[in-house]
Every structure is written in C-alpha cells, then in structure tokens.
Amino acid sequence: MNCPKCEGVMQTVSIGDVDVDRCDSCKGIWFDALEYEKVKGMKEAGELVDSGDAGVGRMHNTEREVKCPKCHTLMVGMSLHDQPHIQYEMCSLCGGMYLDAGEFKDSVEVTFSEYLRGMLKPRE
Ligand SMILES: [Zn+2]
Ligand SMILES: [Zn+2]
C-alpha cells in the first residue's frame, strides 16, 4: 500500500492486537475502519505509533484531493469533533482514516491531559 499523500510506502506498525500502517517517508498514519478508536485508548499509543515530525505532518495537512490508499475513493476532509484543530481525511467507502504525522499523538495527548485534569479536580 502506498501513502495517499507522498510516494512513500505504508509499513505495518503493530500495537496490541491492531496493525496500523505508517508511511516510511512522511510518517502519516493510516487506520482501517474502527482501528483509530481501538488504538487511541492504548497506553503509550502516541509514542509507539506516531513517531513522525509534526512539522512535516503540518506541511502535508494542507493537501486536498487525497485518495484512499485502499479503495482509491476520494477521501473527505474532516476534523475531530472534540479537537477541531486536528484535521484528517476519511474514506466514506471503507471507513479508513489518514492522519498526518503528529496528529495522532496530539489527539491522544490532549485526551490524556484532559483525563488528568479530571483526576486532579478537588473533591467536593
Ligand atoms: Zn507519506
Ligand atoms: Zn477506502
């Protein structure tokens, strides 16, 4: 499978029982349908999966007309509803999603700090 944004090759990265695909060049990450939901709850997922340079990711984030690497359908640009600054592409046919380097880490880290904030709330 080739990266939908550059000429890179997508390589399998295993985390828990899930295999996601990461571009060997721009380090963008491809999640098959529902994989994102599974992986984002895993411990250290951001560090293990998203090893790329967020600066490179931001450069690729502006690309439009991105085709699904699996079924070659034109993907739709979306943003995470709880973190609208994170924009990703989603395939409406196979349900896969593509995040640029740094975006996955960003999404799980904010979730984690929000979790901590919840923990540190003073007791009534
Ligand atoms: Zn790439
Ligand atoms: Zn697809």
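**Zinc sites and salt bridges in a predicted model**

Gln87 is located in strand β5, which covers residues 87-90. In this predicted model, Gln87 has a relative accessible area of 33% and is therefore classed as partly exposed. Although Gln87 and Asp100 stand 13 residues apart along the chain, a distance of 8.5 Å separates their C-alpha atoms. Asp100, in contrast to the partly exposed Gln87, is buried, with a relative accessible area of 1%.

Asp100 also takes part in the salt bridges of the model, of which there are 4. Its side chain meets that of Lys5 at 3.1 Å, taken from N to O. This contact links distant parts of the chain, since Lys5 belongs to the segment before β1 and Asp100 to the loop between β6 (97-99) and α4, the two residues being 95 positions apart. Lys5 is likewise buried, because its relative accessible area of 9% falls under the 20% limit for that class. The pair does not stand alone: Lys5, Glu89 and Asp100 are joined in a network of salt bridges.

A further salt bridge connects the side chains of Asp32 and Lys70, with an N to O distance of 2.9 Å. Asp32 is placed in the loop between β3 and α1 (35-40), and Lys70 in the loop between α3 (54-61) and β4 (76-79), so this pair ties together parts of the chain 38 residues apart in sequence. Lys70 is partly exposed, at 44% relative accessibility. Within helix α1, the side chains of Lys40 and Glu37 form another salt bridge, at 3.6 Å from N to O. These two residues are separated by about one helical turn, because they lie 3 residues apart in helix α1. Both partners fall in the partly exposed class, Lys40 with a relative accessible area of 36% and Glu37 with 49%.

Two zinc sites were examined in turn. At the first site, the zinc ion (ligand 1) is coordinated through the SG atoms of Cys3, Cys6, Cys23 and Cys26, at distances of 2.2 to 2.4 Å. The arrangement is tetrahedral, because the angles subtended by the 4 donor atoms run from 99 to 118° and thus stay between the limits of 85 and 135 degrees. Along the chain, the donors of ligand 1 follow the spacing C-x2-C-x16-C-x2-C. Cys6 is in the segment before β1 (10-15), whereas Cys26 is in the loop between β2 (18-23) and β3 (29-31), so that these two donors tie together parts 20 residues apart in sequence. Cys6 counts as buried at 17% relative accessibility, and Cys26 is also buried, with a relative accessible area of 4%.

At the second site, the zinc ion (ligand 2) has as its protein donors the SG atoms of Cys68, Cys71, Cys91 and Cys94, which lie 2.2 to 2.3 Å from the ion. Here the 4 donor atoms subtend angles of 101 to 128°, and the arrangement is therefore again tetrahedral. The spacing of the donors of ligand 2 along the chain is C-x2-C-x19-C-x2-C. With regard to accessibility, Cys68 is buried, at a relative accessible area of 1%, whereas Cys71 is partly exposed, at 28%.

The annotation may be set beside these sites. An unreviewed UniProt entry lists residues 2-40 and 67-106 under "domain: Transcription factor zinc-finger". In the model, the span of residues 2-40 is 15% helix and 38% strand, with its end C-alpha atoms 23 Å apart. The span of residues 67-106 is 10% helix and 28% strand, and its end C-alpha atoms are separated by 23 Å.

On the surface, Tyr115, Leu116, Met119 and Leu120 form a nonpolar patch, their accessible area together being about 470 Å². Among these residues, Tyr115 is situated in helix α4, which comprises residues 103-119.

Methods. Residues numbered from 1 in each chain as written. Chains lettered and ligands numbered in written order. Predicted model: local features only at pLDDT ≥ 70, side-chain atom pairs only at ≥ 80, totals over all residues. Heavy atoms only, no water. Donors = N, O, S within 2.8 Å, 3.2 Å for Na, K, Ca; no water. Tetrahedral: all angles 85-135°; square planar, octahedral: opposite > 155°, others 65-115°. Helix = DSSP H or I, 4+ residues; strand = E, 2+ residues; numbered from the N terminus. Buried < 20%, exposed > 50% of the residue type's maximum accessible area, 1.4 Å probe, protein only. Patch = residues over 30% accessible without salt bridge, like charges linked within 9 Å, V, L, I, M, F, W, Y side chains within 5 Å. Areas by Shrake-Rupley, 256 points an atom, 1.4 Å probe, with all protein chains shown as cover. UniProt positions renumbered as here; feature names shortened; annotations may be inferred.
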